[in-house]
Amino acid sequence: MKLTSLLTISAAAVASVSAFAIDLNGQVPFADLGEEIPGGSHIQHCSNPRTDKVEIKRVCLEPYPPVPGGVLHFEAEGIIKERIEEGAYIRVDVIYNKYIRLIRNQKFDFCENVKKAEADVECPIEEGPLNITKDVELPKEIPPGTFIVTAYLHKKDDSLITCLHTVVSFKR
Ligand SMILES: *[C@@H]1O[C@H](CO)[C@@H](O)[C@H](O)[C@H]1NC(C)=O
């Protein structure tokens with residue numbers, strides 16, 4: 001099952017989409033999840049957008065919800081407020097069907113994954129507006145069910161660039 005690669009992709013997508021990070025000193029409890037990001041992708045902030053080092057204006061996922069075995073078209077529009085350099089990393093939590101913790105606080109190198117995603121973005125990512133467009137082929141082995149994904153993007157010095165959270169359900 002290519003679930004791990006899917007999750008890496010979605011984590012990289014969530015974060016690179018973003019390339020967006022927070023600067024909270026702790027984590028916001030889920031009850032305090034922030035506003036949904038415009039664009040219909042059902043991605044929420046779990047950091048304070050005002051102190052984030054990226055501003056995510058819009059994230060679109062087509063189709064929504066994504067279809068296993070199909071192509072997911074991903075579009076994000078944002079503004080990088082602070083240069084993102086080598087050493088930046090993503091921490092990911094994934095919960096499957098409410099109780100199964102598939103991934104707990106796993107670290108991924110951000111720049112490496114951005115490169116692998118071949119979305120025409122490379123580190124260092126300079127300050128300024130940034131749009132990312134990418135078609136991703138989803139493995140057809142993705143099991144039906146609900147995935148709760150939380151991704152924290154950090155700078156090398158551990159400060160938070162942004163935190164994004166989403167709940168996505170795959171149907172059979
Ligand atoms: C990003 O996309 C928006 C909406 O399509 C567009 O208005 C804007 O000019 C684009 N920005 C860049 C940096 O390409």
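**Note on a predicted chain with two helices and eight strands**

1. The secondary structure of the chain comes to two helices and eight strands. The model is a predicted one. Followed along the sequence, the elements give the pattern α-β-β-β-β-β-α-β-β-β. The chain has 172 residues, and 48% of them are buried.

2. Strand E3, residues 71-80, deserves a careful reading. In a regular strand the side chains alternate between the two faces of the sheet. Which residues of E3 point to the buried face? They are Leu72, Phe74, Ala76, Gly78 and Ile80. Val71, His73, Glu75, Glu77 and Ile79 point to the other face and are not buried. Here a residue counts as buried when its relative accessible area is under 20%.

3. The pairing of E3 may be considered next. Strand E2, which covers residues 54-62, runs antiparallel to E3 and is joined to it by eight bridges. E3 also pairs with strand E6, residues 128-137, again in the antiparallel sense, and this pairing has ten bridges. E3 therefore has both E2 and E6 as partners, since two strands pair if at least two bridges are found between them.

4. Glu75 offers a convenient point at which to follow both pairings. Towards E2, Glu75 is the bridge partner of Cys60. Towards E6, Glu75 stands opposite Thr133. The side chain of Glu75 belongs to the face of E3 that is not buried.

5. Two peptide bonds that lead into proline should be checked in the structure. The bond from Tyr64 to Pro65 is cis, with omega near -5°, and Pro65 is placed in the loop between E2 and E3. Cys123 and Pro124 are likewise joined by a cis peptide bond, with omega about -5°. Pro124 lies in the loop between helix H2 (110-116) and E6.

6. Two residues other than glycine have a positive phi. For His42 the value is about 60°. His42 is located in the loop between helix H1 (3-18) and strand E1 (43-45). For Glu118 phi is near 45°, and Glu118 is found in the loop between H2 and E6, where Pro124 also lies.

7. Are these two residues buried or exposed? His42 counts as partly exposed because its relative accessibility is 37%, which falls between the limits of 20% and 50%. Glu118 counts as exposed because its relative accessibility is 63%, a value over the 50% limit.

8. The surface also carries a nonpolar patch. Tyr99, Ile100 and Leu102 make this patch, which has an area of about 340 Å². Ile100 lies in strand E5, residues 100-109. With a relative accessible area of 44%, Ile100 is partly exposed.

9. The final point concerns the ligand. Which residues are around it? They are Glu77, Pro129 and Asn131. An oxygen atom of the ligand is 2.4 Å from an N or O atom in the side chain of Asn131. On its own the ligand has 360 Å² of accessible area, and the protein covers 36% of this area. Glu77 is one of the E3 residues whose side chains point to the face that is not buried, and the residue range of E6, 128-137, takes in Pro129 and Asn131. The surroundings of the ligand thus bring the reader back to E3 and E6, strands that pair in the antiparallel sense.

Terms used:
Residues numbered from 1 in each chain as written. Predicted model: local features only at pLDDT ≥ 70, side-chain atom pairs only at ≥ 80, totals over all residues. Heavy atoms only, no water. Buried < 20%, exposed > 50% of the residue type's maximum accessible area, 1.4 Å probe, protein only. Helix = DSSP H or I, 4+ residues; strand = E, 2+ residues; numbered from the N terminus. Patch = residues over 30% accessible without salt bridge, like charges linked within 9 Å, V, L, I, M, F, W, Y side chains within 5 Å. Areas by Shrake-Rupley, 256 points an atom, 1.4 Å probe, with all protein chains shown as cover. Salt bridge = Lys/Arg side-chain N within 4 Å of Asp/Glu carboxyl O. Near = heavy atom within 4 Å. Polar contact = N/O pair within 3.5 Å; in protein donor to acceptor, adjacent residues only side chain to side chain.
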